[in-house]
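Reader: I am in my first year and would like a close look at one part of this model. Please start from a single residue and then work outward to the strands and rings.

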Amino acid sequence: MIKFVLMVNQQGQTRLSKYYDPVELSRRAALEAVVVRCCLSRSKHECSFVEYNDFKLVYRQYAALYVVVGITHSENELSIYELIQNFVEVLDKYFSRVSELDIMFNLDSVHIILDEMIQNGHIVETNKSRILAPLTAIDKMADG
Amino acid sequence: MPAVSKGDGMRGLAVFISDIRNCKSKEAEVKRINKELANIRSKFKGDKALDGYSKKKYVCKLLFIFLLGHDIDFGHMEAVNLLSSNKYTEKQIGYLFISVLVNSNSDLIRLINNAIKNDLASRNSTFMNLALHCIANVGSREMAEAFASEIPRILVAGDTMDSVKQSAALCLLRLNRTSPDLIPMGEWTARVVHLLNDQHLGVVTAATSLIATLAQKSPDEFKTSVSLAVARLSRIVTSASIDLQDYTYYFVAAPWLSVKLLRLLQCYPPPEDAALRSRLTECLETILNKAQEPPKSKKVQHSNAKNAVLFEAIALIIHHDSEPNLLVRACNQLGQFLQHRETNLRYLALESMCTLASSEFSHEAVKTHIETVISALKTERDVSVRQRAVDLLYAMCDRSNSKQIVAEMLSYLETADYSIREEIVLKVAILAEKYAVDYTWYVDTILNLIRIAGDYVSEEVWYRVIQIVINRDDVQGYAAKTVFEALQAPACHENLVKVGGYILGEFGNLIAGDPRSSPLVQFDLLHSKFHLCSVPTRALLLSAYIKFINLFPEVKGTIQDVLRSDSQLRNADVELQQRAVEYLRLSCIASTDILATVLEEMPPFPERESSILAKLKKKKGSSKLPDLDDSRRTVNGSSEHAEDTEAVNINVNQTCRFLTEELISTDRPHPTSCSATMLPTRTMGPIHTSTDILNLNSTPSSGASLLVDVFSDMANPAPTEGSEDHFPRFVCKNNGVIYENQLLQIGLKSEYRQNLGRMYVFYGNKTSTQFLSFSTSVTSDIVLSSHLSVQAKPVDPLIEAGAQVQQILNIECVSDFSDAPVLNIQFRYGGTLQNIAVKLPVMLNKFFQPTEMASQDFFQRWKQLGAPQQEVQKIFKAQNQMDTDVAKAKLLGFGVALLDGVDPNPANFVGAGIIHTKTTQVGCLLRLEPNTQAQMYRLTLRTSKESVSQRLCELLSEQF
C-alpha cells in the first residue's frame, strides 16, 4: 500500500504532504527532510526507486518539483511511478500547465484531486475526467 | 475547464502565502506565521460571529501553516462547524482540515461523527463521499463503532452511486485495518466479490483493493473472487484498447486495475479448475507476448505502464511456481531487461529474478545470466542496483558456481559501498559455508573476509568459523596454519586476532612441529598483538595463553611471567585482572593431569542452524513500523550494523564467557562435563555471581525450574481465554504460562539484567495435528518502539503435534516506557488460519537492579527526592490476604532490594532499586505501609523521574 505522498521542491520545502499511515507531526518534518535528501542526492542515471528503512520510495522529478511516494514492498513500483505521472497530468489538465505556485495557492483543490485518486493508501480512480468531477462541480457552483 | 485564478478568490489567503514566500529567513517566516496565528485566534475568539466564507479562509490558512510544519492547536472547532455548512466548498474545507489534522483520539470525534451521520443520510453523493473519505482518513475506534454496520450496507446497496461505492470500499478497508473485530464477515462479503463484475472500472479498482486485503486474512471467504478476477483480467488484456477508453493510459488498457487483479490472484494457489486455469495461463501468455510486440507509442509512459503489468504477471507466475514453461519465459524476459538502458527496468529485473532463482523450474535459466549480473555489480552507477545484483548472485548461487560467485563478491567487497558491506559479508560467509566442498576453501574465504572488511564482520561470522573448525577434525591443522600465517601481517584486524587466538589456543599444537611456528613463536606472535586489542579480545588471549600452558609445557615459564606482570595482575579492568590471577594460580598449583582435564580441547558444538543465517534473515525480514527517528542513522547509513551489534552484545562485557555461551547452543542446558572451554572461570566454581545469563537471580518466587519443564511449573490454575488476565501476574515473576487455549499454550521464561533482557517463549502444540506456517512477530506502537526494542529470533515454521518450540526475544530498554509490546502469532491449523495476539509482560520494573543501602543513606536520598512531581502515592484496598511473607516475595519479585531496619515500624516495607535504561538510570525508593485493620495499603514511590514513579506505582499497586 501507499504510505505517503509528498510534493517537495528543490529547496526541500514541502508543498503537499498526505499520510496514509499515522505519523506524528514531530516526525513528519524529520521524515520529509530525509526523504528529500535521499531523492535530491540522486542523479539521473540512478533508478527511481530507493529503499528506505522498511519501505520504498518511488519518485519522479518535474522541473524543480519532486513527487515522492512511500510504498510498502508489496506494491508494484512501476505502477506507482506511472501513478505519479497520471496525478501530475491531472493537475496539468486542471490548472492548464501546473506550476509550483498553483499547488501552493490551491492546496484544497490539489487535496481533492489526490483524495479522488488515492484513498487509504490504495488507488481508487485513474480516469482523469472522473477524478476531476467533484472539482468541476465546485467550479460550476462558484460560477453559477 | 474553467480558468483558475490564483488564490481562487480568497485574497487574504493569497496575500498570506505570498508573504511567506517572500520571507528571506526562517525567523522572518516564523514571525509572519505567529502574527497570522494571533490574528486568526483573535478572529475565532471575537464576539462577532464569522460567516462561512471567513471561517473557510482562516481554516485554509491554518492548513497551510500546518503544512509548513507548525503545530496547530486551535481551529478544530471552527472546522467542525464548517462540516454542517450547506455549501460544498465550506464543507469540503472542514473535512479536509479534519482529515489532515485531527488524530484518531481527539475528543471532537463525537461531533464529527454527528456531521458524518447527517451527510451519509443526505443521499447527496458528493456529501456522502466527503463523509466516507473522512472516515477512511481518520478511522478511529469511535468512528468504526458508529459506522461499522452502515458502510457494508452502502457498499452493496443496489442504488448507491458508483463514486460512493468506491469511497465506501476503501472506507471499509480502513475500518477493517483498524478495528477488524467490528466488521464481521457476513452476507455482504459474497456481494462484495461480485463488485468485480461491476460495469464501472473505478468500482472494480476500489473493490479489488478491498478484496485483496480481506482475502489475505480470510482466504476461504473470498475464494470465489479468483474466477471473477481471472475473467475480468482476461477481458482487459484481450480487449482492444479503445473498449476501455477512459481507463486506457498511453494505449495500455487499465494498467493499475490489471496490477491489482494480478496481486489479488497472488493470495491464492493456482486455480484447480482446468478451464479457469487455462484461461489464466492464456492471460499471462498474452501479457508476456505483448512485451515482445513493437510498442504502440514511443512514450516512456506507455512502456512503463505495460511493464508494470508485466512485472506483476511475472510475480504471479513465480507465486504459482507450477508452469515451467511460463517460468522460463519470464526468466528470459527479465534477462532482456537486465541489459535495458532504463535503470528502473534493470533494477526491477534483478529484484524479480531473485525470487525466480528459488524456483526449481527456473533456477537453471536464471543461472545463465550470471555474467550479466556480475558485470552489473561492477558497472552499475547506482548503489541500489548493485545491491540487487548482490542479492541475485546470492540467490542464484549453488554448488556449480559458488566459487566464482564468492570470489566476485569478495572482490566487490573491496570497493563496496559502506551501506551494504555488512550484508555482503554475511552473504559471503553463508555461501562459503553452504557450498564448501573442502573446508580449507571455507577457512581461506572467511579469513579473506576478515582481512578485506574486518569492521563489517560481525560476531556471528567469526563464532561460526570457530564452530566449524572445532567440529571438523580435517580442517583444524590447516586452520591453525592459515591463521598463523595471516597473523604475520604487520596490521591485522582485531577479529582476526580473536579467531587466531582461539584457534591457536585449541589447535596450535598441530603446527608446533614446524620450527617456524614453534610454541614460543606462536606465543610471541599472539602476544605482539595483545596491547593493541580491546579488553574482550585481551581476555580471550589470556584464555588462549592458559591453554598454551597445557599444550606446551615448555613455554609455561614465559607465560607465567607475562601473567605475573603488573599490567596483568593489577590491570584496571577487573575481568582481565581476575583472569590473570586465576590463570596464574591455576598454572602454579594444578598438576599436569588437572590442567589437561580443565583445559582440554573444546567438545564439538551441537549442529544447528547457522547464527549468520538467522542474522541475515533478521536483517531482511524487519517489518516493524518505519523508524522515522533518524538520530541513529549514521553518515554512512549503516545503522543496521549498530543495532545488530547491540542486540548481539547482550553480555559482551562478560567477554570470553559470552563467547562460549554463544557458541554452545543457548537453547539447551550446558553440558555439565564441559570442562574444557576457553573460560575456566566458569569451571572454577562460583567466583562470579553471574556466570550464566540463563541463571539470573531475579525471580525468587518462581523457583529454579529447568527450561524444559517451564510448563509443569504452573500446572495449578487451568488458565482460560484472555491473555490480558495473565499479564498482571507477570509483574512480580518472570516465568509462567501467558496464554492458553484449546490449541496452543504459550509459556515464558525471562531474564533481565540492567537494561537488557532475554525472553524464552515456548509454544506448545496441544493438538494431535501439526501447526503449519507458524510465524510470530512482535509489534510495538510508535511511541513504545522508541522506548523499548524487542528483537525476535526466527522460529520454526512447523510445530509437530504435541511438540514444543522455543523462540528467543532479545529486549532492550532504551528509556522508560509504560505500554507493553504485543506478540502476534499466526499459524495454520487444519486449514484455518489462527491469529493470536498476546500482550508480552515486559514492564518497566523488569529493568530494576536492587540496591542495598544503609538507613542513613536511604533517608538522605528520600529527602533529596522531595519534589512533589517525584513522589507518587496511592492508598488502596487489599485485594488479597495481607500476608507479610507474600508481600515480601512480591516486592523482591518486583525487583527492589528490601531494606530491613530502615522504617521505625517493622510492619512497613522499604525498598530501593535502580531502573536501568539505555539512556539513563533512575533511582527508585519505595515504601509500603500495610494497615491490617482497615485492610488497606499505602504505597509511596519516589524516583528522580515523574513518569517512572507513576508507572511503577501503577504496576505495583495492583499486586496486593
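Author: In this predicted model, G121(A) counts as buried because its relative accessibility is 1%, and buried means under 20%. The residue belongs to the loop that runs between strand 6 (118-119) and strand 7 (122-123) of chain A. Leaving aside residues up to four places away in sequence, G121(A) touches M1(A), I2(A) and Y20(A). Y19(A) is 102 residues from G121(A) along the chain, yet 8.3 Å separates their C-alpha atoms.

Next come the aromatic rings. A pair of such rings is described by two values, the distance of the centres and the angle of the planes. Over all chains the count is 30 aromatic pairs. One of them joins F49(A) and Y81(A), with 6.2 Å from centre to centre and 80 degrees between the planes, an edge-to-face arrangement. This pair links distant parts of the chain, since F49(A) is in strand 3 (residues 49-52) of chain A and Y81(A) is in helix 2 (residues 77-95) of chain A, 32 residues apart. F49(A) has 0% relative accessibility and therefore counts as buried. Y81(A), at 12%, counts as buried too.

Chain B offers another pair, F44(B) and Y58(B): the ring centres are 6.1 Å apart and the planes stand at 90 degrees, so this pair is edge-to-face. Here the link runs from helix 2 (residues 26-45) of chain B, which holds F44(B), to helix 3 (residues 52-67) of chain B, which holds Y58(B), and the two residues are 14 apart. Both F44(B) and Y58(B) are buried.

Rings can also be joined in a group. In chain B, ring pairs tie Y763(B), F771(B), F774(B), F827(B) and Y829(B) into a cluster. A charge may sit over a ring as well. K91(B) lies over the face of F127(B), 4.5 Å from the ring centre, and the charged end of K839(B) is placed over the ring of F727(B), at 4.6 Å from its centre.

Now to the strands of chain B. Strand 6 (residues 771-779) and strand 9 (residues 822-829) of chain B pair in the antiparallel sense, over seven bridges. One residue to follow is Q826(B) in strand 9, the bridge partner of S775(B). Q826(B) also stands opposite N835(B) in strand 10 of chain B. Strand 9 and strand 10 (residues 832-839) of chain B run antiparallel and are joined by eight bridges. These two strands form a hairpin with two residues between them, where G830(B) takes a positive phi near 50 degrees. In a regular strand the side chains alternate between the two faces of the sheet.

Chain B also has an open sheet of five strands, in the order 3-4-5-8-7, with antiparallel pairing. Its edge strands are strand 3 (736-740) and strand 7 (788-792) of chain B, each of which pairs on one side only. On average, neighbouring strands of this sheet are turned by 25 degrees against each other, direction ignored. At one edge, strand 7 of chain B is joined by five bridges to strand 8 (residues 804-813) of chain B, and the two run antiparallel. Within this pairing, L788(B) stands opposite C813(B) in strand 8 of chain B.

How values were computed:
Residues are numbered from 1 along each chain as its sequence is written. Chains are lettered from A and ligands numbered from 1 in the order in which they are written. This is a predicted model: local features need pLDDT of at least 70, side-chain atom pairs count only at pLDDT 80 or more; totals for chains, interfaces and linings use all residues. Side-chain values use heavy atoms; hydrogens and water are left out. Helices (H or I, at least four residues) and strands (E, at least two) are DSSP runs, numbered from the N terminus. Buried means under 20% relative accessible area, exposed over 50%, partly exposed in between (1.4 Å probe, protein chains only). Contact means heavy atoms within 4.5 Å. Two strands pair if DSSP finds at least two bridges between them. Axes are lines fitted to C-alpha atoms, for helices over the stretch in contact, and angles run from 0 to 180 degrees between N-to-C directions. Rings of Phe, Tyr and Trp (its six-membered ring) pair if their centres lie within 6.5 Å; planes under 30 degrees apart count as stacked, over 60 as edge-to-face and the rest as tilted. A charge sits over a ring if NZ of Lys or CZ of Arg is within 6 Å of the ring centre and within 35 degrees of the ring normal.
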